[in-house]
Amino acid sequence: MSESRLPSTVIKDFVKDYWSGRADTFDESPNHHWHDEFQHQAWLDVLGDIAGEERISVLDLGSGTGFLSLLLAELGHFVTGTDISPQMVLNAERKAEEGGRDTRFRLGDIEELPDADNTYDLVVGRHVIWTIPNPDLALKEWLRVLRPGGKLALFEFAGRGGTESDTEQKRTINGYEEFAEYLPFYGGSESERLMEAYEEAGFTSVMARSLMDETLWRIPMTNERYVAIGRKPE
Ligand SMILES: C[S@@+](CC[C@H](N)C(=O)[O-])C[C@H]1O[C@@H](n2cnc3c(N)ncnc32)[C@H](O)[C@@H]1O
């Protein structure tokens, strides 16, 4: 993975402003929030399978408006969501309050967490690795805060492919193009590549599970969607 030539702070200021600008309309997209009971239940099933029955402590990386955090709280887990955008944190807090969920959201940079070593049983994130400048270092940071035997589960997608309309879509959706070269996973990543990065960071039992059920996404899928799972060695 290439090293950023721009200071991370420049990239992160852009990222923060970009997502704060999108926070109030973020949930309107078909898969940024659940839009019916089938979609809601489909995500509960996927997350329940990963988190298990026992009550555990979970960190949600780049929690946005709280999608994974609120579902995991609904399943009974203790969740801390972390996001770099103040507006995202505010919106997630509002949703937690409205839904009566006791979930903690905090402002912070997921590449440099304030948590002690071995804090969480499970670390999750959805659609976040593409927007950070140092994913190889970040994976080590997430390994650090997991307890031995704990799991990392990142919900990700492969690149949208090379057609003209896909490329155009990528440009208009993200507005990130001037930073793309500083974001190693920009535009998505095949599961194999992410699994390799997990292994390089020190995770074991690394695997990816395909998530191509349209109930989860509510959009026609042209690219691979998956959850990559790895464990911190005991
Ligand atoms: C595509 S959104 C995904 C939000 C949420 N995970 C979801 O699935 O709906 C990416 C989120 O990551 C956050 N983010 C990006 N870089 C971050 C960083 N370095 N630290 C914390 N949050 C970050 C953004 O503010 C944004 O809320």
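With 14 C-beta neighbours inside 10 Å, how does N118 count: as buried, partly exposed or exposed? In this predicted model, N118 counts as partly exposed because 14 C-beta neighbours lie inside 10 Å. N118 is found in the loop between β3 and β4, and the backbone there takes a positive phi of about 60° even though N118 is not a glycine. From this loop it is a short step to the sheet, which makes a good place to begin a tour.

The sheet is open and consists of 7 strands, arranged in the order β3-β2-β1-β4-β5-β7-β6 with mixed pairing. At its edges stand β3 (residues 104–107) and β6 (residues 204–210); each has a single partner strand, so one side of each is left without a neighbour in the sheet. From one strand to the next, the twist averages 20°. As general background, strands of a sheet pair through backbone hydrogen bonds, either parallel or antiparallel. Both senses can be followed here. Strand β1 pairs with β4 in the parallel sense over 4 bridges, and D60 stands opposite V124 of β4. On to the next pair, β4 and β5 are also joined in the parallel sense, over 6 bridges, and V124 has A153 as its bridge partner in β5. By contrast, β6 and strand β7 (residues 225–231) run antiparallel and share 5 bridges. In that pairing, A208 stands opposite A228 of β7.

The edge strand β6 also holds a residue with a noteworthy backbone. S205 lies in strand β6 and has a positive phi of about 50°, although it is not a glycine. S205 counts as exposed because it has 12 C-beta neighbours inside 10 Å. Strand β4 offers a contrast in covering, with 7 of its 7 residues buried.

Helices pack on this sheet. Helix α3 touches β1 (residues 57–61), β2 (residues 78–83) and β4 (residues 120–126), and its direction makes about 175° with that of β2. Helix α5 (residues 135–145) lies across β1, β4 and β5 (residues 146–157), running at about 140° to β5.

Helix α3 deserves a closer look. Of its 8 residues, 7 are buried, so to speak of α3 as mostly covered is fair. The buried residues are F67, L68, S69, L70, L71, L72 and A73. They pack against α2 (residues 37–51), β1, β2, α4 (residues 86–98) and β4. Just after the helix, G76 takes a positive phi of about 105°.

What does the interior look like? In soluble globular proteins, nonpolar side chains tend to be buried together. The largest nonpolar core of this model has 50 residues, and those with the most contacts inside it are V58, L72, V123, L152 and L154. Helix α3 (residues 67–74) supplies the largest share of this core, namely 6 residues. One of the well-connected members, V123, can be followed further: leaving aside neighbours within four places in sequence, V123 is in contact with L59, L61, W142, V145, L146 and L152.

The surroundings of the ligand come next. Of the 21 residues around the ligand, W19, G62, G64, I84 and R126 come nearest. Two elements give two or more residues to this shell, α1 (residues 8–22) and β2. The most comes from α1, with 3 residues. By character, the shell divides into 8 nonpolar, 8 polar and 5 charged residues.

A last stop is L183, in the loop between α6 (residues 164–174) and α7 (residues 191–201). Which label fits a loop residue such as L183, buried or exposed? L183 counts as buried, because it has 21 C-beta neighbours inside 10 Å. Apart from neighbours within four places in sequence, L183 is in contact with W130, T131 and P133. L183 and I11 are 172 residues apart in sequence, and their C-alpha atoms are 9.0 Å apart in space.

Definitions and conventions. Residues numbered from 1 in each chain as written. Predicted model: local features only at pLDDT ≥ 70, side-chain atom pairs only at ≥ 80, totals over all residues. Core = buried A, V, L, I, M, F, W, Y, C linked by C-beta atoms within 7 Å. Buried ≥ 20, exposed ≤ 12 C-beta atoms within 10 Å, placed from the backbone. Contact = placed C-beta atoms within 7 Å. Pairing = 2+ DSSP bridges. Axes fitted to C-alpha atoms, helices over the stretch in contact; angles between N-to-C directions. Near = placed C-beta within 6 Å. Nonpolar A, V, L, I, M, F, W, Y, C, P; charged D, E, K, R; others polar.
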